[in-house]
Amino acid sequence: MNRPSLQATRATAFSALDFRAKLAVFLAVTVAAVAWNDPRLSLGLAAATLGACLYAGISRGYLWLTARLMAPFFLLLLLTHGFFNVQYVLRLTGHARLTPLFSLPGGLPIVGGMVFSEEGFYYGLNVIAKSTTLLLLVPLCVFTTDPNNLVVGLVRLRIPYTLAFAFTSTLRFFPLLFEETGFVIEAQRLRGFAAEDLGLVARVRTYAKVAVPVILGALFKAQQVEVVLQSRGFSGRRGRTYLHESRLDGASVGTIAACVLLVGAVLALRLWTSFGAFVLPGDSSGLAR
Amino acid sequence: MPEAPAARLESVSFSYPLGERPALLNVTLEIGAGEVVGLVGATGAGKTTLCLAFNGIVPQLYGGRFFGRAEAGGLDTVDHPIHELARHVGIVLQDPESQLVTASVENEVAFALENLGVPPAEIRRRVDEALASVELDGLARKHPHELSGGQQQRLALATALAQRPRLIVLDEPTAQLDPRASADVFRLVRAISRERGTAFVVASHAAEELARTAGRLAVLSRGRLVAMGTPEEVYRDTALLSRERIRPPGVTAAFVAFRAAGLTRLPPPVLLEEGLGALAGLPPGRPYAVPLAARGRDAPPVLAARHVSFTYPDGTRALDDVDVSIGRGEYVALLGPNGSGKSTLLRLFLHLLNPSAGRIEVEGRDVAARRVTDLARTIGYVSQNPDRQIFNPTVESEVAFSLLPLRLGPAERASRVERALSALGLLGLRGAHPLALSKGDRARVVIAAVLVMEPAILVFDEPTIGQDEAGARSILDVTRGLHREGRTVVVVTHHLHLMPDYAERVLIMGRGRVLSDTSLRVAYHSTELLRANHLEPPPAALLARALHPENWALTPAELVASLEPAAPAPSP
């Protein structure tokens, strides 16, 4: 009996780390992602994070779904920076004018004659890479942690138990919601509803009907969970104990130390050298911004 | 000095916030220490509400109006918070999966103890002890969702047990389990009650198990406690059972029929072994009936699996060289334990899955080339959870939804909807919101919504789960009507006792194979095969076999006929 789950599919050295060590990784990589504007570094960091996700056993289905959901936003980012981000990119590069990659035909209404710049394109790539890194850090750190250890780790960080439990319950709830949606869409197909045969409006209207049973199902399940939790003495009051105490082992302590050093190095290099500044590929004269 | 009761209700009445009538009305009930009390009654009688009143969930979580006084472990359930009452009352609900809130078996058991502030060393001890009690030791590190339904329900029992409450309340704990898993749960209830002195309240339709387990039965009807007595007293009261739509154990029903026919004066037993022992006082047994050939076996096949195997992506081999066909106009019951491959076979017929090997045919055509949505016009499918098949705001629009893809003219469309509503007795409810109806009526709406497409084949997946006897029979009566119209009907079920009046042919599945394909009569008398596959043979069949090795009776009426001096054998 298998249930859809977001949890990583295999145990690795990374998943064995204490949640606090993973949180340190999360913070350190976030600092690097935010600090670096060099598209090569940003893309490298995103690729490394993706590699770490695959190594840690994050579901390829989840990664693919994330990519599909984010693709339109990333395209929008690229277009926005390519066409409109002029002043900021000029300031970053120190150039007097931007290098046009292509321009839209002048006859087009409103957007006719707009220029898509090379610098804007690379800055857009940089932003997309940063976003990707931040998006991938969440599953890397959260989905590789047993929800119970997540709760214990958060409580150790002085997050109230009720909040920590609500957080992990939400993680559990989303796969259930997806599962329920899948069941309902399947039920519609078994009633002869072929989405591919309908026009866009009819399709959207019919899919909207899925919301009714899914929301009702989710509400029913939420109420059931509430009954179960209350019946098992869940109240979020003080004095709760834990079967498994959270203890930092050597690997976790080492990881936290490495993360502290990484944050220090990234900030120092960024503040006092041009390392990480926005630079076009092949252009060694980029300014340290 | 007698021990204080585990729980006590005094003149308890309760109405839900939007309830039209009280869910509980003037209920007075005391649960003694170590006692097992069964709650019986038709769907909607108030069993679940009463279960939730023992630990304060009703009224504290639901609100509503509550009158009277309820105590658990000496604490008033209104004045004390639920988490405090959790020390005294554990609860196990119907759906095993909905009760799982953590990611490992041991954490599941530990959860309540952690909330109650029990020291870690003591938690460890109690977790090990509770898991051993429900025979789940060795699975402590597993994810609860990796367990079978029966194991999950035993895990839920362990979580309640670890709290060491004086009372554990079980609300329909075995409704979704196969008979073997169900028997395991009741066996544990008996053992725990006996060995630990824990009291239990068990709401259930499982008459045979309640008769074996409960010391007293409380009969609820529209929120009132209308009768209370030992299982013998309650199950022998035929007027009460008939009035309250309660099914007695099969053996009791058989002996009630014997008494009515003047074949015995013995009070009807409630346990099978008592019934078998009492057969000596009946007239001598003799051969009765012969196996009837299933009708339609020579009819052209409309569903066929040709040497089909199926393996899920995780490596689970669900079907192994299944070769079976179902003829036009047959009524087939598909039996087997959980995990035997029944649902996988259905999903292959519906083309929701593709076989790993072999070929699936519907009306003689390979389904590989057909879309699920096209097949839906040939095979109507009713799932065990009707709520997932309801999307529309009225019964009428729900039924009409199925016709959207068919692009029919308005007159034809209206005519089909009218016919489907009429066939299912829903004309008076056409304007109602489907989700406001009872579960039985919701199932009817879904059947009507499937029927409106006029499929030649209808497949029902566990249609009687969660229904009382009357509700289950009313759904099966619909399937019989459809069958009589010439449609092919396939019903997957664990409820063997219901099927003799409906199915002709039985497929018994186990470990991904078809183990038996025969008439219902022969299948129900294959007691060894049924038991080997977690299915409990109907008591009437066991009594018949004990009367004579060639007695093929299946129902109390047939048993009576088999004992009457001049009983003619039914023709083949």
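The dialogue below walks through the interface of two chains, one helix and some backbone angles in a predicted model.

Biologist: How can one read the contact of chain A and chain B, and what area is buried between them?

Modeller: The size of an interface is often given as the accessible area lost when the parts come together. Here the area buried between chain A and chain B is about 5,200 Å², and carbon and sulfur atoms give 57% of it. Within chain A, the residues that lose the most area to chain B are A:R191, A:R232 and A:L243, which together make up 19% of what that side buries. As for residues in the contact, chain A brings 50 and chain B brings 68.

Biologist: How many salt bridges does the rule find across this interface?

Modeller: The rule finds 4 salt bridges between chain A and chain B, and one salt bridge joins the side chains of A:R191 and B:E398, at 3.0 Å from N to O. Counting polar contacts between the two chains gives 14 residue pairs, with both residues at pLDDT 80 or more.

Biologist: Which helix gives the largest share of the side of chain A that touches chain B?

Modeller: Helices α6 (147-156), α7 (161-190) and α9 (211-231) of chain A each supply at least two residues of that side, and the largest share, 13 residues, comes from α9(A). Sorted by class, the side of chain A that touches chain B holds 20 nonpolar, 14 polar and 16 charged residues.

Biologist: Turning to chain B, which residues of helix α11 are buried?

Modeller: In helix α11, which spans residues 250-260 of chain B, the buried residues are B:G250, B:V251, B:T252, B:A254, B:F255, B:A257 and B:F258. Their cover includes α8 (207-213), α9 (231-235), α12 (272-278), α21 (539-547) and α22 (556-563) of chain B. After α11(B) comes B:G262, with a positive phi near 75°.

Biologist: How should one read the sign of phi in residues other than glycine, and where is B:N26 placed?

Modeller: Most residues other than glycine have a negative phi, and most peptide bonds are trans. B:N26, although not a glycine, has a positive phi of about 55°; this residue lies in strand β2 (residues 24-31) of chain B and is partly exposed, with a relative accessible area of 49%. B:H307 also has a positive phi, near 50°, and is found in strand β11 (residues 301-311) of chain B.

Biologist: Is the peptide bond from B:V58 to B:P59 cis or trans?

Modeller: That bond, from B:V58 to B:P59, is cis, with omega near 10°, and B:P59 sits in helix α2 (residues 57-60) of chain B.

Notes: Residues numbered from 1 in each chain as written. Chains lettered and ligands numbered in written order. Predicted model: local features only at pLDDT ≥ 70, side-chain atom pairs only at ≥ 80, totals over all residues. Heavy atoms only, no water. Buried < 20%, exposed > 50% of the residue type's maximum accessible area, 1.4 Å probe, protein only. Helix = DSSP H or I, 4+ residues; strand = E, 2+ residues; numbered from the N terminus. Contact = heavy atoms within 4.5 Å. Buried area = accessible area lost by both parts, 1.4 Å probe. Polar contact = N/O pair within 3.5 Å; in protein donor to acceptor, adjacent residues only side chain to side chain. Nonpolar A, V, L, I, M, F, W, Y, C, P; charged D, E, K, R; others polar.
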